[in-house]
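Q: Please choose a single part of this model and give me a close look at it. I would like the rest of the chain as background too.

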Amino acid sequence: MGVPFEALIPGVIIIALGSVTGAGMSTIRAMQNGGKRGRHSVDQWDRRVTPADEKLAVMERDRRLTGMLRGQTDNPKAPPGFELNNPWKVTRTPPRPLRE
């Protein structure tokens, strides 16, 4: 005895809508990442937080260099503004009094 095709229509609709939604979400994420796939398992080096700006240090540097968070460049010369590329801010502390 065969299965009536009317019974399969809801399943086909659910699978089709799930597939369209997944493809759409994947496309949107890739567009947000500059055409690259989403990042998984960001390691400690990329996740390293600096006390100065509380952002992702390496990824923030890439954004400043290329304008995109995931962008990378092969230009050996740094653009203007990278002369002092240290995220740590230097402050002048008052001298300590001498102990006697």
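**A close look at helix 1**

A: Happy to! Read from start to end, the protein chain follows the pattern α-α-α, with 3 helices and 0 strands. Helices (H or I, at least four residues) and strands (E, at least two) are DSSP runs, numbered from the N terminus. This is a predicted model, in which local features need pLDDT of at least 70 and side-chain atom pairs count only at pLDDT 80 or more, while totals for chains, interfaces and linings use all residues. Residues are numbered from 1 along each chain as its sequence is written, and side-chain values use heavy atoms, leaving out hydrogens and water.

Our part is helix 1, which scores highest in the protein chain for pLDDT (the predictor's confidence in each residue, from 0 to 100), at 92, while helix 2 (residues 44-47) is lowest, at a mean of 58. Where pLDDT is low, the predicted coordinates should not be read in detail. The chain as a whole averages 77, and 71% of its residues score at least 70.

Helix 1 has 28 residues and reaches 40 Å between its first and last C-alpha, close to the 40 Å expected; that expected span is 1.5 Å times one less than the number of residues. After helix 1 comes Gly-34, with a positive phi near 75°.

Now for the surface. Phe-5, Ile-9, Ile-13 and Leu-17 form a nonpolar patch there, together offering about 410 Å² of accessible area. Patches take residues with over 30% relative accessible area and no salt bridge, joining like charges within 9 Å and nonpolar side chains (Val, Leu, Ile, Met, Phe, Trp, Tyr) within 5 Å. A salt bridge is a side-chain nitrogen of Lys or Arg within 4 Å of a carboxyl oxygen of Asp or Glu. Areas come from the Shrake-Rupley method with a 1.4 Å probe, and for residues only the protein chains shown count as cover. An α-helix has 3.6 residues a turn, so residues three or four places apart point the same way.

Leu-17 belongs to helix 1 (residues 5-32) and counts as exposed because its relative accessibility is 53%. Buried means under 20%, exposed over 50%, and partly exposed in between (1.4 Å probe, protein chains only). As background, 10% of the chain's 100 residues count as buried.
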